[in-house]
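Work through the exercises below with the coordinates open. Each task is followed by a stepwise solution.

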Amino acid sequence: QVPLVESGGGLVQTGGSLNLSCAASAPTFSTYAMGWIRQAPGKEREFVAATTGSVTFYGKSAKGRFTISKDNAKNTVYLQMIGLKPEDTAIYYCVAGDHIDYGLAYEYWGQGTQVTVSS
């Protein structure tokens, strides 16, 4: 397993913003799709966004508020989140795989970073 290291989670008020980062240690990840999946307390995991750098998918909850980007030179994927709502509270997992997917079918998962949005 190639580690994916997330950073940037935390506590923010409703309407605030947060930026998440995820770095992959292997250079082969420059060709992989990387993205984010989240899991709120008591809920199933939910696809947030993913990108190959040239192709990008957003989940329904992310459209219009979240922006994903990938720096292939750094093997790093970013998630900029604005207009955060309490329902965005979740553990955000960085994921990576050899193809982009709208669901949960990613081979590599990070440990997760907590995002908490207070009302």
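**Exercise 1. Burial and overall form**

Task: find what percentage of the 119 residues of the protein count as buried.

Solution. Buried means under 20% relative accessible area, exposed over 50%, and partly exposed in between, with a 1.4 Å probe and protein chains only. By that cut-off, 45% of the 119 residues are buried. The model is predicted: local features need pLDDT of at least 70, side-chain atom pairs count only at pLDDT 80 or more, and totals for chains, interfaces and linings use all residues. Residues are numbered from 1 along each chain as its sequence is written, and side-chain values use heavy atoms, leaving out hydrogens and water.

Next, take the surface. The protein exposes about 6000 Å², of which carbon and sulfur atoms supply 52%. These areas use the Shrake-Rupley method with a 1.4 Å probe; for residues, only the protein chains shown count as cover.

Then assign secondary structure. Helices (H or I, at least four residues) and strands (E, at least two) are DSSP runs, numbered from the N terminus. The result is 0 helices and 11 strands. The radius of gyration is 13 Å, close to the 14 Å that the globule rule gives for 119 residues, so the protein is as compact as a globular protein of that length. The radius is taken over C-alpha atoms; the rule is 2.2 Å times the number of residues to the power 0.38. Along the principal axes, the C-alpha atoms fill a box of roughly 40 × 25 × 25 Å.

Finish with contacts (heavy atoms within 4.5 Å). Among those between residues at least 6 apart in sequence, 58% join residues at least 24 apart.

**Exercise 2. A salt-bridge network**

Task: determine which residues are joined into one network by salt bridges that share partners.

Solution. Side chains of opposite charge can pair when their charged atoms come close. The criterion for a salt bridge is a side-chain nitrogen of Lys or Arg within 4 Å of a carboxyl oxygen of Asp or Glu. The count is 3.

- Step 1. R38 bridges to E46, N to O, at 2.8 Å. E46 is partly exposed at 30% relative accessible area, whereas R38 is buried at 6%.
- Step 2. R38 also bridges to D88, with the closest N and O atoms 2.9 Å apart. This pair spans 50 residues, from R38 in strand β4 to D88 in the loop between β8 (76-81) and β9 (90-97). D88 is buried, at 0% relative accessible area.
- Step 3. R65 bridges to D88 at 2.7 Å between the closest N and O atoms. R65 lies in the loop between β6 (56-58) and β7 (66-71), 23 residues from D88. Both R65 and D88 are buried.
- Step 4. Through shared partners, R38, E46, R65 and D88 form one network.

**Exercise 3. Aromatic rings**

Task: classify the ring pair of Y32 and Y108 as stacked, tilted or edge-to-face.

Solution. Rings of Phe, Tyr and Trp (its six-membered ring) pair if their centres lie within 6.5 Å; planes under 30 degrees apart are stacked, over 60 edge-to-face, the rest tilted. The whole structure holds 6 aromatic pairs. For Y32 and Y108, the centres are 6.2 Å apart and the planes at 40 degrees, so the pair is tilted. Y32 sits in the loop between β3 (18-24) and β4 (33-39), and Y108 in strand β10 (residues 108-109), 76 residues apart. Both are buried. With F29, Y32 and Y108 make one aromatic cluster.
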